[in-house]
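Subject: Handover of a structure

Dear colleague,

Please find the structure below, together with its sequence. A short account of what was found in it follows.

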Amino acid sequence: MKSRHKKLALIGGALAVLGIIAALVLNALNSNIALYISPTDVAAGKAPQDKLFRIGGMVKEGSVSRQADGVTIAFIVTDTEKDITVHYKGILPDLFKEGKGVVAQGRLTADGSFSATEVLAKHDENYMPPEAAKAVNDAHTRAAEKKAEDAVAKPAN
């Protein structure tokens, strides 16, 4: 084999190895991505059924219930338009409270509730995750538009 052929074979082999490494890294990153989905999108059926994703919004007032074991918790996450029940087994963050922003990562269960593997809470008094804030604002906008449409459709007496 000539030296030129050896160099070409070596370069081809190196490119093949780099391609395999890049494919493995991209595959690992893709499998660890958790998309954010609002409760309204989950109710509309836009949530993946077999993949991890994040759901966020506000913890509905009066919705937190704890089991006797002290680590199994159920609560409702709302974007003020739709509600999703979240079940979590573990220790909640210290800043987790009713009426405050929260993001939970997990999967949908067969009964339509959300089984969380991780719960993240706000970090200061005015913080809400950007995705959750957008979902709440979108829900308020849709509610205002519906109210305006109802007012136009209903004649004043």
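Which residue takes a positive phi in the hairpin of β6 and β7? It is glycine 112, with a phi near 90°; the hairpin has five residues between its strands. Please bear in mind throughout that this is a predicted model.

The strands of that hairpin, β6 (residues 101-108) and β7, run antiparallel and are joined by seven bridges. Within this pairing, alanine 104 stands opposite valine 119 in β7.

Strand β7 (residues 114-121) also pairs with strand β5 (residues 83-89). Here the two strands run parallel, and three bridges join them. Tyrosine 88 stands opposite alanine 116 in β7.

Elsewhere in the chain, tyrosine 36 lies in strand β1, which covers residues 35-37. Tyrosine 36 counts as partly exposed because its relative accessibility is 23%, and the class of buried residues is reserved for values under 20%. The C-alpha atom of tyrosine 36 is separated by 5.8 Å from that of isoleucine 55, although the two residues are 19 residues apart along the chain.

Finally, there is a nonpolar patch on the surface, formed by Ile11, Leu15, Val17, Leu18, Ile21, Val25, Leu26 and Leu29. Together these residues have about 790 Å² of accessible area. One of them, leucine 29, is found in helix α1, which spans residues 3-31.

With kind regards

Definitions and conventions
Residues numbered from 1 in each chain as written. Predicted model: local features only at pLDDT ≥ 70, side-chain atom pairs only at ≥ 80, totals over all residues. Heavy atoms only, no water. Helix = DSSP H or I, 4+ residues; strand = E, 2+ residues; numbered from the N terminus. Buried < 20%, exposed > 50% of the residue type's maximum accessible area, 1.4 Å probe, protein only. Patch = residues over 30% accessible without salt bridge, like charges linked within 9 Å, V, L, I, M, F, W, Y side chains within 5 Å. Areas by Shrake-Rupley, 256 points an atom, 1.4 Å probe, with all protein chains shown as cover. Salt bridge = Lys/Arg side-chain N within 4 Å of Asp/Glu carboxyl O. Pairing = 2+ DSSP bridges.
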